[in-house]
Amino acid sequence: MAVAGLSWQHSQRDWEWVLGVNLWAVIHGIRIFVPKMMAQNEPGHIINTASMAGLISGPSTSIYGVTKHAVVSLSESLHHELKLSGSKLRCSVLCPAFVNTGIADSARNRPAGLTDAPADVNAAMLIEVANF
């Protein structure tokens, strides 16, 4: 999920929506599945998906970038923690570059309780930022 616009113009609901989808989903997955996978004591691999936005920062993508940087950091920390704990699990993070996924239309999936995006947020800005 993404909301384009200037960092200081985003509402709390913008932040909550994008953090909920892009970061909390990964956190919940780790909290739920890693203990169960470790208990099996079998080799395995966790692959979290972030984005190139987790490695670089550009204009008008602050919320998206924050979530993807967080997923990169969380995945790298988990990788080291699994090794240090002696687990047979490993963790990697995938950071693809711009892919035409329809993310510019992601607002169609935004819950009604989290809507109040600034008026100047639009799909054209996301496409422009992708070419930054």
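**Fold, core and loops of the predicted model**

Ser-60 is buried, as its relative accessibility is 17%, and buried means under 20%. Ser-60 is found in the loop between strand 1 and helix 2. Its phi is positive, about 70°, although Ser-60 is not a glycine. Most residues other than glycine have a negative phi. The model described here is predicted.

The protein has 132 residues, of which 33% count as buried. It contains 3 helices and 2 strands. Along the sequence, these elements follow the pattern α-β-α-β-α. Contacts were considered between residues at least 6 apart in sequence; 69% of them join residues at least 24 apart. The protein exposes about 7,900 Å², and carbon and sulfur atoms supply 60% of that area.

The largest nonpolar core holds 14 residues. Within this core, Val-34, Ile-46, Leu-78 and Leu-82 touch the most other members. Helix 1 (12-39), helix 2 and strand 2 (89-94) each supply at least two core residues. The largest share, 5 residues, comes from helix 1. Contacts of Val-34 were listed without counting residues up to four places away in sequence. On that basis, Val-34 touches Gly-29, Ile-46, Leu-78, Leu-82 and Leu-89.

Helix 2 (62-84) follows the loop that comes after strand 1 (44-49). The helix has 23 residues, which at 1.5 Å a residue should span 33 Å. Its end C-alpha atoms are 33 Å apart, so the two values agree. The buried residues of helix 2 include Ser-62, Ile-63, Tyr-64, Gly-65, Thr-67 and Lys-68. Further along helix 2, Val-71, Val-72, Ser-75, Leu-78 and Leu-82 are also buried. The buried residues of this helix pack against helix 1, strand 1 and strand 2. Leu-78 and Leu-82 also appear among the core residues that touch the most other members. Helix 2 is followed by Gly-86, whose phi is positive, near 80°.

The loop between strand 1 and helix 2 also holds Ser-51. Ser-51 is buried, because its relative accessible area is 9% and the limit for buried is under 20%. Ser-51 touches Tyr-64, Lys-68, Leu-94, Cys-95 and Pro-96, not counting residues up to four places away in sequence. Ser-51 and Lys-68 are 17 residues apart in sequence. In space, their C-alpha atoms are 6.1 Å apart.

Met-52 lies in this loop too. Unlike buried Ser-51, Met-52 is partly exposed, with a relative accessible area of 31%. Met-52 forms a nonpolar surface patch with Leu-55 and Ile-56. Together, these residues have about 270 Å² of accessible area.

Asn-41 is placed in another loop, between helix 1 and strand 1. Its phi is near 50°, a positive value in a residue other than glycine. Asn-41 counts as partly exposed, at 49% relative accessibility.

Trp-8 lies in the segment before helix 1. At 69% relative accessibility, Trp-8 counts as exposed, because exposed means over 50%. Trp-8 and Ser-62 are 54 residues apart in sequence. Their C-alpha atoms are 9.4 Å apart in space. Ser-62, in helix 2, is buried.

Terms used: Residues are numbered from 1 along each chain as its sequence is written. This is a predicted model: local features need pLDDT of at least 70, side-chain atom pairs count only at pLDDT 80 or more; totals for chains, interfaces and linings use all residues. Side-chain values use heavy atoms; hydrogens and water are left out. Patches are made of residues with over 30% relative accessible area and no salt bridge: like charges are joined within 9 Å, nonpolar side chains (Val, Leu, Ile, Met, Phe, Trp, Tyr) within 5 Å. Accessible areas come from the Shrake-Rupley method with a 1.4 Å probe; for residues, only the protein chains shown count as cover. A salt bridge is a side-chain nitrogen of Lys or Arg within 4 Å of a carboxyl oxygen of Asp or Glu. Helices (H or I, at least four residues) and strands (E, at least two) are DSSP runs, numbered from the N terminus. Buried means under 20% relative accessible area, exposed over 50%, partly exposed in between (1.4 Å probe, protein chains only). A nonpolar core is a set of buried Ala, Val, Leu, Ile, Met, Phe, Trp, Tyr and Cys residues joined through side-chain atoms within 4.5 Å. Contact means heavy atoms within 4.5 Å. The expected span of a helix is 1.5 Å times one less than its number of residues.
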